[in-house]
Amino acid sequence: MTYKINKGLDLKLDGAAPDTPLDFVLPKTFHIRPSDFRWMKPKLLVQAGDHVEIGSPLFHDKADERVVIVSPIAGTVREIVRGEKRIIEEITIARDVDAPTERTIHFEPPTDGEAVRKLLLQNGLWPSLRQRPYATIPSPDAKPKAVFVSCFDSNPLAPDFNVLMRGKEEDFRQGIKMLQLAAGDATVHICMRERADNQLFEAVENVQKHYFSGPHPAGNVGTQIHRIDPIDKGETVWFLDPQEVARIGRFFAEQMLQFGKTAALTGPAVKNTGYFDTIYGADLSALFADSLTQENVRAISGSILSGSKLGDSPTLAFHDRQITVIAEGGQREILGWLLPGLKKWSLSHTFLSWLTPKRTYDVNTSLHGGRRAVMMTDVYDKVFPFDLMPLQLLKACEIKDIEQMEALGIYEVDSEDFALCELVCPSKKEWQQIVEDALLELKMQNQE
């Protein structure tokens with residue numbers, strides 16, 4: 001099936017990653033953060049000074065102790081960092097420099113879905129899966145109606161999946177087979193960019209293949225689910241990244257456990273953009289050492305639209321595949337919007353830059369305006385491709401009106417689906433956080 005997305009927006013930025021490998025030496029320090037897994041309440045299973053191997057449990061979810069986050073490397077737990085109310089913020093591990101970065105796990109090859117699920121849970125691979133609604137780790141007992149693997153990304157400066165998946169073709173095909181077993185009768189959907197190089201993904205058999213064209217968010221899994229198999233109350237859909245599919249495939253094909261991935265370093269504030277190989281939790285400070293154009297920057301794990309800000313110990317979040325670096329803003333401009341703005345991006349024709357539609361832009365974190373009350377506008381409809389009413393749904397989320405949210409289709413969306421609405425919002429509202437808070441309230445209500 002072919003789908004054309006008409007509503008949306010492509011934000012064209014400087015700093016795309018060429019197909020060039022970056023020299024990144026694996027660091028000695030790793031940081032594992034429970035916040036990478038939405039709404040998980042961790043129960044700590046290690047203490048400072050403990051030695052861990054690849055696959056050793058670090059913490060499990062208090063809601064279901066079968067869901068375990070494991071160590072991605074062999075080393076020694078150096079520190080448990082806690083925040084307010086003793087919430088676990090970070091587990092710091094000192095890597096054993098001479099230890100291998102992958103580990104052989106001996107097991108009997110699974111013959112049914114239950115055995116596949118059990119092995120994924122025991123070895124820390126179950127968190128590779130996420131579910132809609134809520135974008136959380138699914139329950140080990142969940143029976144999804146479909147599994148979605150989005151094989152392209154339409155976010156600004158998104159990496160090329162053919163580079164990310166180089167050398168992982170057979171692992172990917174094996175991973176799809178294991179997912180088909182684990183998901184039971186659920187259909188596996190593979191979503192690709194129309195008229196792109198999809199040879200790797202098209203070689204997979206016994207799956208539904210779909211092709212999308214149009215601007216962002218054509219590559220968002222939420223957009224794809226909405227067009228192919230919309231979610232209703234009580235239904236569950238699984239989704240995951242192709243690299244995570246390949247990791248699962250290699251685990252079952254070679255009985256090899258590892259948490260490596262390829263990611264892209266991008267952004268207008270980066271001198272040398274490209275791709276680097278890393279392992280989940282690796283401290284990326286050395287990656288930025290000689291790569292930035294200035295000191296006052298903001299590094300983001302993920303897309304500039306929906307990623308998370310990195311702190312003093314930067315790491316790539318568990319599900320992310322790019323780092324974006326932009327300049328910090330906040331400086332006042334003389335005359336501001338009175339200038340022609342040939343180098344300024346704008347959704348409207350406020351600046352003359354609309355005369356050069358192929359231009360890429362160097363942006364920063366400035367809001368370019370103050371926060372104000374929600375305005376009645378149709379600007380959201382221009383960038384929101386769902387067959388829903390975005391303004392009404394957002395207002396219902398802000399006041400946490402559960403009944404109204406359900407009536408307006410809250411189960412079909414997640415916070416990242418409103419990233420463009422937040423970008424173009426004349427009121428400068430943080431819609432993604434508002435939607436996430438509303439989804440948490442909805443989840444808690446449904447559990448009662």
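**Exercise 1. Decide whether Cys151 is buried or exposed, and find what surrounds this residue.**

*Solution.* Start with the accessibility: Cys151 has a relative accessible area of 2%, so this residue is buried. The cut-offs are under 20% relative accessible area for buried, over 50% for exposed, and partly exposed in between, with a 1.4 Å probe and protein chains only. Next, place Cys151 in the fold: this residue sits in the loop between S11 and H2. Such elements are DSSP runs numbered from the N terminus, with helices (H or I) of at least four residues and strands (E) of at least two. Then list the partners, where contact means heavy atoms within 4.5 Å. Leaving out residues up to four places away in sequence, Cys151 touches Phe161, Phe172, Ile190, Cys191, Met192, Phe201 and Pro242. Finally, try a long distance: Cys151 and Tyr380 are 229 residues apart along the chain, and their C-alpha atoms are separated by 26 Å.

A word on the input: this is a predicted model, in which local features need pLDDT of at least 70 and side-chain atom pairs count only at pLDDT 80 or more, while totals for chains, interfaces and linings use all residues. Residues are numbered from 1 along each chain as its sequence is written, and side-chain values use heavy atoms, with hydrogens and water left out.

**Exercise 2. Find which residues touch the most other members of the largest nonpolar core.**

*Solution.* First, the rule: a nonpolar core is a set of buried Ala, Val, Leu, Ile, Met, Phe, Trp, Tyr and Cys residues joined through side-chain atoms within 4.5 Å. The largest such core has 65 residues, and Phe172, Ile176, Ile190, Phe201 and Phe252 touch the most other members. Now take Phe172: beyond its neighbours within four places in sequence, Phe172 is in contact with Val149, Cys151, Met165, Ile190, Leu200, Phe201, Val204, Pro242, Val245 and Ala246. Another core, of 39 residues, lies apart from the largest one, with Leu13, Leu391, Leu394 and Ala438 among its members. As background, nonpolar side chains tend to be buried together in soluble globular proteins.

**Exercise 3. Work out where Val116 lies and what it touches.**

*Solution.* Val116 belongs to helix H1 (residues 113–122). Its relative accessibility is 0%, so Val116 counts as buried. Not counting residues up to four places away in sequence, the partners of Val116 are Pro110, Met178, Leu181, Ala182 and Phe252. Check one spacing as well: Val116 and Ala183 are 67 residues apart in sequence, yet 9.5 Å apart in space, C-alpha to C-alpha.

**Exercise 4. Find how many residues of helix H5 are buried, and what covers them.**

*Solution.* Helix H5 spans residues 221–228, and seven of its eight residues are buried. These are Val221, Gly222, Thr223, Gln224, Ile225, His226 and Ile228. Their cover includes strands S1 (2–4), S10 (130–132), S11 (146–150), S12 (187–193), S13 (208–213) and S14 (237–240).

**Exercise 5. Look for unusual backbone angles.**

*Solution.* Recall the background: most residues other than glycine have a negative phi, and most peptide bonds are trans. Begin with the peptide bonds. Arg132 and Pro133 are joined by a cis peptide bond with omega of about 0 degrees, and Pro133 is in the loop between S10 and S11. A cis peptide bond also joins His216 and Pro217, with omega of about 20 degrees; Pro217 is in the loop between S13 and H5.

Move on to phi. Leu157 has a positive phi near 60 degrees, lies in the loop between S11 and helix H2 (161–164), and is buried at 11% relative accessibility. Gln255, not a glycine either, has a positive phi of about 55 degrees. Its loop runs between helix H6 (242–254) and strand S15 (256–257), and Gln255 is buried with a relative accessible area of 19%.

**Exercise 6. Summarise the whole protein.**

*Solution.* Count the elements: there are 11 helices and 20 strands. The radius of gyration is 22 Å, close to the 22 Å that the globule rule gives for 448 residues, so the protein is as compact as a globular protein of that length. This radius is taken over C-alpha atoms, and the rule is 2.2 Å times the number of residues to the power 0.38. To finish, buried residues make up 55% of the 448 residues.
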